[in-house]
Amino acid sequence: MERYLLQPSENNGWWVVTDMKYKISVLFKEHEFTTKKYASILDDPNAAESDIRRLLRSTKDLNNYMRASLAHIAF
């Protein structure tokens, strides 16, 4: 299973990337990942950590992934 799932949003020019490990989704405007993004914490009854802790853990990894793999969409 891939850790990240990228999908176009229903809103034109926006994307959703989901961290499947920590169950965090981020809606972002194309080419504006650093300034126009909104995170959602998905329900995960099996999570061993709090929602905020999952969000914090996911943030650094997700930013690195976006820079390395999806810079053409994100920045």
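Here is a walk through the structure above, from the overall fold to single residues.

This is a predicted model, in which local features need pLDDT of at least 70 and side-chain atom pairs count only at pLDDT 80 or more, while totals for chains, interfaces and linings use all residues. Residues are numbered from 1 along each chain as its sequence is written, and side-chain values use heavy atoms, with hydrogens and water left out.

Let us start with the fold. The protein has two helices and four strands, where helices (H or I, at least four residues) and strands (E, at least two) are DSSP runs numbered from the N terminus. Following the sequence, you meet them in the pattern β-β-β-β-α-α. Along the principal axes, the C-alpha atoms fill a box of roughly 35 × 25 × 25 Å. The radius of gyration is 12 Å, which agrees with the value near 11 Å for a compact globule of 75 residues; it is taken over C-alpha atoms, and the globule rule is 2.2 Å times the number of residues to the power 0.38. Of the 75 residues, 28% count as buried. Here buried means under 20% relative accessible area, exposed means over 50%, and partly exposed lies in between (1.4 Å probe, protein chains only). As for contacts (heavy atoms within 4.5 Å), residues 24 or more positions apart account for 33% of those with a separation of 6 or more.

Now to the interior. In soluble globular proteins, nonpolar side chains tend to be buried together. A nonpolar core is a set of buried Ala, Val, Leu, Ile, Met, Phe, Trp, Tyr and Cys residues joined through side-chain atoms within 4.5 Å. The largest one here has 13 residues, and those touching the most other members are Val 17, Val 26, Phe 28, Phe 33, Leu 62 and Met 66. Two or more residues each come from β2, β3, α1 (51–69) and α2, with β3 giving the largest share, three residues. Leu 62 offers a good view of this packing: beyond its neighbours within four places in sequence, Leu 62 is in contact with Tyr 4, Val 17, Val 26 and Phe 33.

Phe 33 leads us on to the aromatic residues. A pair of aromatic rings is described by the distance of the centres and the angle of the planes. Rings of Phe, Tyr and Trp (its six-membered ring) pair if their centres lie within 6.5 Å; planes under 30 degrees apart count as stacked, over 60 as edge-to-face and the rest as tilted. The structure holds four such pairs. One of them joins Phe 33 and Phe 75 edge-to-face, at 6.0 Å centre to centre with 80° between the planes. Phe 33 lies in the loop between β3 (24–29) and β4 (37–41) and Phe 75 in the segment after α2 (71–74), so this pair ties together parts that are 42 residues apart in sequence. The partners sit in contrasting surroundings: Phe 33 is buried at 1% relative accessibility, whereas Phe 75 is partly exposed at 32%. Together with Phe 28, they form one aromatic cluster. Phe 75 also has Arg 67 over its face, at 4.5 Å from the ring centre; a charge sits over a ring if NZ of Lys or CZ of Arg is within 6 Å of the ring centre and within 35 degrees of the ring normal.

What about a polar residue in the interior? Asp 19, in strand β2 (residues 14–19), is buried, with a relative accessible area of 0%. Its side chain makes a polar contact with the side chain of Arg 3 (3.0 Å) and reaches the backbone nitrogen of Tyr 22 at 3.2 Å. A polar contact is a pair of N or O atoms within 3.5 Å; within protein, one must be able to donate a hydrogen and the other to accept it, and residues adjacent in sequence count only if both atoms are side-chain atoms. Leaving aside neighbours within four places in sequence, Asp 19 is in contact with Arg 3, Tyr 4, Ile 24 and Ser 58.

Two loop residues complete the tour. Lys 23, in the loop between β2 and β3, has a positive phi near 60° although it is not a glycine. His 31, in the loop between β3 and β4, likewise has a positive phi, of about 70°. Lys 23 is partly exposed at 26% relative accessible area, and His 31 is partly exposed at 43%.
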